[in-house]
Amino acid sequence: MMGIKTFYRGQNIFITGGTGFMGKVLIEKLLRSCPDIKNIYVLIRHRKGYDITTRVNDMLNLPLFEKIKTENPGVAENKIIPVKGDLSKIRLGLSDDDYNMLTENVSIVFHVAATVRFDDPIHDAIIKNVRGTREVVQLAKQMKNILVFLHVSTTYCNCNRVFVEEKVYESPISWQDAILISENLDPKLSQTCSKKFLGSFPNTYTFTKLLAENIIDEEVKKKDNKMKMVIFRPSIVISTIKEPIVGWIDNVNGPVGLMTACGKGISLVTYADKNITPDFMAVDVSIKAIIVAAYHSGTHNSSMDSKLSVYNGSSLKKSVSNSMLMEFAVKYFLLYPFDEVLWRPRIRVTNSKFIYTSLTIIQQVLPALLISFVMKVIGKSLSVDLVTLQQKIYLATIALSTFTLQTWVFTNENFLGLLKHIPDSEKEDFDFNFENINAEETFKNVVIGCQKYLLNTNSKKTMNAKKKMQKLIWMDRILRTLFFALLAWCFLKLILVLFFNI
């Protein structure tokens, strides 16, 4: 049986979304564990005053790449080749020379790029996630030596159904019509019609990721198709649990954002069902599985019927409930506090929108208004507008409520089945079995990693941060005691007036 490293040896790889969270981890893992890869071409969008070479250099200076730079100096710098392009453009915005260069050299494609914002206008989401996927597929079809095309989707692209199997489901409208509408309809008008487009889908992200899957599914069924294609659906991706470093992350999406807001004392209540168990998966686990999935498709599937493989990268019953998640957040942000916090970490989880809104106003918005007023009176300014921040948190929480109030079952037999195709000699590098992962230890590392890699908490201020936290804990206790005492007094006064006329 051909080994994984042997399969990738000498191959030129093309990656979209390489500067994103999963893309960075994928690039690092490929270079470190498959050192004989020839080149990795990375599609990168040029930004004003921030060219593609600078973006690669900045990426390589992240702690994520320290291990490979130490163990194999120069490998990352020499093998990562940035290619100027844009997912939202026809032909990916590639020059003719770059387009031809990719079709001549590339044999494996990882299409990771997507806009993951839930609130993106329907027009933008379709152009990037749907038409962008079509353009990547069209490019791959021209590649003379193409072996595998792997498309990164999401388990939640079928969130309009509770039970999700490892297969492609039909979309409510065709991807061709979606692109046609976005290209020809005024963006403002298409936004007005977005509810009609979305139907039972909660946001533009999940809807457009399903449409993108339909592009892959239709391409595989064409008679002239020669590509092995893979759809890999990660669930909610969180920090690394092991490789190349523990707890690395570069964004505050999903549960990490909620835990961070709790740790900062900015959020004291959240809108969720405490008994619901979201499906979390560490990014390094997902990336190992992605690499194995492409290898398996490229070396094992040979019949026409097996040209498309679908994998739900789901942890199934290994995740934790919303209430447990927030317990971990409070526990470990008290033990490892930020050097700058607004209040002590504590949070209430409620599935009542009325209670959530009421407590948000009482516990978060009103204090934010008071603090802003006091700072204005004394002539000082805050680094962030607390009231605006609370508004953003509220809107984001409501937008995420579809996922915090409901649970899904993602079958993952294909996903787990990949484990048996990992050669024994390569299990140390590619085994992604998460059966023995300790959930509490994982989220403890999420907390520590969030501070270290995301918000750059000053470790030299740890003792001062802990002393400040103790003061905030006592202040919180005193204020809550006074508040409930005041409520009790008001209640007693009301009883005396109503029943004793005193």
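Start by selecting Leu268, Arg346, Ile362, Gln363 and Pro367: of the 24 residues that line the second largest pocket, these lie nearest its centre. The model on screen is a predicted one.

**Stop 1: the second largest pocket**

Keep those five residues in view and look at the space around them. The volume of this second largest pocket is about 840 Å³. Next, colour helices α15 (353–377) and α20 (462–500), each of which supplies at least two residues of the pocket lining. Which of the elements gives the most to this lining? It is α15, with 9 residues. Colouring the lining by class gives 16 nonpolar, 4 polar and 4 charged residues.

**Stop 2: residues 364–456**

Now select residues 364–456. UniProt, in an unreviewed entry, places the feature "domain: Fatty acyl-CoA reductase C-terminal" on this span. Helix makes up 62% of the span and strand 2%. Pick the C-alpha atoms at its two ends, and the distance between them is 25 Å.

**Stop 3: threonine 442 in α19**

Select threonine 442, which sits in helix α19. Is this residue buried or exposed? Threonine 442 counts as buried because its relative accessibility is 10%, and buried means under 20%. Show its surroundings: leaving out residues up to four places away in sequence, threonine 442 touches Ile238, Ile241 and Ile437.

**Stop 4: helix α12**

Select residues 254–263, which form helix α12. Why is this helix described as largely enclosed by the rest of the structure? The reason is that 8 of its 10 residues are buried. To see them, highlight Pro255, Val256, Gly257, Met259, Thr260, Ala261, Cys262 and Gly263. Then add the elements that cover these buried residues, which include β8 (236–238), β10 (280–282), α14 (322–335) and α19 (439–454). The helix α19 in this list is the one that holds threonine 442 from the previous stop. Move along the chain to glycine 265, which follows α12 and has a positive phi, near 80°.

**Stop 5: a cis peptide bond**

Go to proline 244, in the loop between β8 and α12. The peptide bond that joins glutamate 243 to proline 244 is cis, with omega at about -10°. Keep this pair selected, as Glu243 and Pro244 are also among the residues that line the second largest cavity.

**Stop 6: the second largest cavity**

How many cavities of 30 Å³ or more are counted? The count is 2. The second largest cavity holds about 30 Å³ of space. Add Val25, Glu28, Lys29, Arg32, Asp284 and Lys288 to the selection, and with Glu243 and Pro244 the lining is on screen. Two helices, α2 (21–33) and α13 (283–299), each supply at least two of the lining residues. The element that gives the most is α2, with 4 residues. By class, the lining of this cavity has 2 nonpolar and 6 charged residues, and no polar ones.

**Stop 7: threonine 16 in β1**

Select strand β1 (residues 12–16) and pick out threonine 16. Threonine 16 has a relative accessible area of 0%, so it is buried. Which residues is threonine 16 in contact with, leaving aside neighbours within four places in sequence? They are Leu43, Phe110, His111, Val112, Ala113 and Val136. One of these, valine 112, has its backbone nitrogen 3.0 Å from a polar atom of the threonine 16 side chain. Also mark threonine 133, which is 117 residues away along the chain. The C-alpha atoms of threonine 16 and threonine 133 are separated by 9.9 Å.

**Stop 8: arginine 91 and leucine 92**

The last selection is the loop between β3 (80–84) and α6 (96–105), where arginine 91 lies. Leucine 92 has its place in the loop between β3 and α6 too. Neither residue is a glycine, yet phi is positive in arginine 91, near 55°, and in leucine 92, about 60°. What is the relative accessible area of arginine 91? It is 31%, so arginine 91 is partly exposed. Leucine 92, by contrast, is buried, with a relative accessible area of 0%.

How values were computed
Residues numbered from 1 in each chain as written. Predicted model: local features only at pLDDT ≥ 70, side-chain atom pairs only at ≥ 80, totals over all residues. Heavy atoms only, no water. 1 Å grid on protein atoms, 1.4 Å probe; cavity = no way out; pocket = protein on both sides within 12 Å on 5 of 7 lines; lining within 4 Å. Points joined across faces, edges and corners; volume = space filled by probe spheres on them. Nonpolar A, V, L, I, M, F, W, Y, C, P; charged D, E, K, R; others polar. UniProt positions renumbered as here; feature names shortened; annotations may be inferred. Buried < 20%, exposed > 50% of the residue type's maximum accessible area, 1.4 Å probe, protein only. Contact = heavy atoms within 4.5 Å. Polar contact = N/O pair within 3.5 Å; in protein donor to acceptor, adjacent residues only side chain to side chain.
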